[in-house]
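Colleague: I am new to this structure and would like to go through it in questions. Please show it first.

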Amino acid sequence: MIEEAIHWLLSVLAVPEIGLTSVFLISFISATLIPLGSEPAVFAVIKANPELFWPVLIVATIGNTLGGVVDYGMGYAAKQAFSRERDSFWFAWLKRFGPKTMLLGWLPVIGDPICTLAGWLRLPFWPCVGYMAIGKFLRYVTMTYLLLKVPDGFWHRVGELLG
């Protein structure tokens, strides 16, 4: 039953003609506290549609940034619930460097919590969103560029091993 639901969801999100909807949704979800990587989806759509390189990166950046905004909002709303944590290393670090810390919002494991803590600390919203978008965009450009440099034979072999 769960397997059928997953296959249905993946087929709905696939949008094989373009894939921008999938890229947006996966990028958005992966930027929340749900552990999901969006780079494979971004790479797959670009590999299948090289002419969509920049539109895919822009859509992924927007989706991932909006997911970071959700994290910021959760932190903003949760401030009162966990007020005793204010003296930790992360809070002092975020207070010291301010919205520029959102450049690190793309990092695995700590990026999403950093966005959440920024909301908690009520760092200025729009500068946080701007720095978040810059960091996430640079991550997508770098990761996609590096993945496109891997020879096609490698990806065919990976496909054979997985399927």
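Colleague: Which residues make the nonpolar surface patch of about 300 Å²?

Modeller: This is a predicted model, in which local features need pLDDT of at least 70 and side-chain atom pairs count only at pLDDT 80 or more, while totals for chains, interfaces and linings use all residues. Residues are numbered from 1 along each chain as its sequence is written, and side-chain values use heavy atoms, with hydrogens and water left out. Patches are made of residues with over 30% relative accessible area and no salt bridge (like charges are joined within 9 Å, nonpolar side chains, namely Val, Leu, Ile, Met, Phe, Trp and Tyr, within 5 Å); a salt bridge is a side-chain nitrogen of Lys or Arg within 4 Å of a carboxyl oxygen of Asp or Glu, and accessible areas come from the Shrake-Rupley method with a 1.4 Å probe, where for residues only the protein chains shown count as cover. The patch is made by L25, I29, I34 and L36.

Colleague: What is the relative accessible area of L36?

Modeller: L36 lies in the loop between α2 (20-31) and α3 (39-48); helices are DSSP runs (H or I, at least four residues), numbered from the N terminus. Buried means under 20% relative accessible area, exposed over 50%, and partly exposed in between (1.4 Å probe, protein chains only). L36 is partly exposed, because its value is 40%.

Colleague: Which helix gives the most residues to the largest nonpolar core?

Modeller: A nonpolar core is a set of buried Ala, Val, Leu, Ile, Met, Phe, Trp, Tyr and Cys residues joined through side-chain atoms within 4.5 Å. The largest has 13 residues, and F91, L94 and M102 are among those with the most contacts inside it. Two or more residues come from each of α5 (89-97), α6 (111-120) and α7 (125-148). With five residues, the most is given by α6.

Colleague: Is T65 buried or exposed?

Modeller: T65 is found in helix α4 (residues 53-78). Not counting residues up to four places away in sequence, T65 touches V129, M132, A133 and K136, where contact means heavy atoms within 4.5 Å. Its relative accessible area is 7%, so T65 is buried.

Colleague: How far from C115 is the nearest cysteine sulfur?

Modeller: A disulfide is a pair of cysteine sulfur atoms within 2.5 Å, and a search of the whole structure finds zero of them. C115 is in no disulfide, and the nearest cysteine sulfur, that of C128, is at 8.2 Å.
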